[in-house]
Amino acid sequence: MFLNLCRQKNVFSCAANFSRGKKCIFCGSFKTKRTARGYVRCRKKTCGKQKSLKQLKRELDVLKGFYQGFSVLHRQIQELQFLETLG
Ligand SMILES: [Zn+2]
């Protein structure tokens, strides 16, 4: 999972870097280049991979939904635990 390249607390701002094509999702390098076809290409010699920005955005949207869903779930669990302490 490419979001492993981010620090966990920073997932959303990190995702923003990815979706603007500022960061390579394969190696985390900021040396990227936008191509005319709407692709992001990594300029790092050892990487050099490219990905469609459109596709990337779609994947990030899914991930965002997942993280938001997860934080809602987390809050609900905390509320349940709180209610349990009240007996
Ligand atoms: Zn790269």
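Two strands are said to pair if DSSP finds at least two bridges between them. With that term in place, Arg-34 can be described as standing opposite Val-40 in β2. The model discussed in this report is predicted.

## Overall organisation

The chain contains 2 helices and 3 strands. Followed along the sequence, these elements give the pattern α-β-β-β-α. The chain has 87 residues, of which 11% count as buried. Among contacts between residues at least 6 apart in sequence, 21% join residues at least 24 apart.

## The sheet

The 3 strands form an open sheet, ordered β1-β2-β3, with antiparallel pairing. Its edge strands are β1 (32-34) and β3 (50-52), and each of these pairs on one side only. On average, and with direction ignored, neighbouring strands of this sheet are turned by 20 degrees against each other.

The two pairings within the sheet are set out below.

| Strand pair | Sense | Bridges |
|---|---|---|
| β1 and β2 | antiparallel | 3 bridges |
| β2 and β3 | antiparallel | 3 bridges |

Strand β2 covers residues 39-42. Individual partners can be named on each side of this strand. Towards β1, Lys-33 has Arg-41 of β2 as its bridge partner. Towards β3, the bridge partner of Tyr-39 is Ser-52. The hairpin of β1 and β2 has 4 residues between the strands, and in this hairpin Gly-38 takes a positive phi near 85 degrees.

In a regular strand the side chains alternate between the two faces of the sheet. Strand β2 shows an alternation of its side chains: Val-40 and Cys-42 point to one face and are buried, whereas Tyr-39 and Arg-41 point to the other face and are not buried.

## The nonpolar core

In soluble globular proteins, nonpolar side chains tend to be buried together. Here the largest nonpolar core has 6 residues in all, namely Ala-15, Phe-18, Cys-24, Ile-25, Cys-42 and Leu-56. Cys-42, a member of this core, is also one of the buried residues of β2. Another core member, Leu-56, is in contact with Phe-18, Ser-19, Ile-25 and Lys-51, leaving aside its neighbours within four places in sequence.

## Helix α2

Helix α2 comprises residues 53-86 and lies across β2 and β3, running at about 70 degrees to β3. At 1.5 Å a residue, the 34 residues of α2 should span 50 Å, and the end C-alpha atoms of the helix are 49 Å apart, which agrees. Of these 34 residues, the number buried is 1, so α2 lies largely in the open. Just after α2, Gly-87 takes a positive phi of about 80 degrees.

## The loop between β2 and β3

Arg-43 is located in the loop between β2 and β3. This residue counts as exposed because it has 12 C-beta neighbours inside 10 Å, and a residue is classed as exposed if that number is 12 or fewer. Arg-43 nevertheless has contacts elsewhere in the chain: not counting residues up to four places away in sequence, Arg-43 touches Lys-31, Thr-32 and Lys-33. Measured in sequence terms, Arg-43 and Thr-32 are 11 residues apart, while their C-alpha atoms are 5.4 Å apart in space.

Conventions. Residues numbered from 1 in each chain as written. Buried ≥ 20, exposed ≤ 12 C-beta atoms within 10 Å, placed from the backbone. Contact = placed C-beta atoms within 7 Å. Axes fitted to C-alpha atoms, helices over the stretch in contact; angles between N-to-C directions. Core = buried A, V, L, I, M, F, W, Y, C linked by C-beta atoms within 7 Å. Expected span 1.5 Å × (residues − 1).
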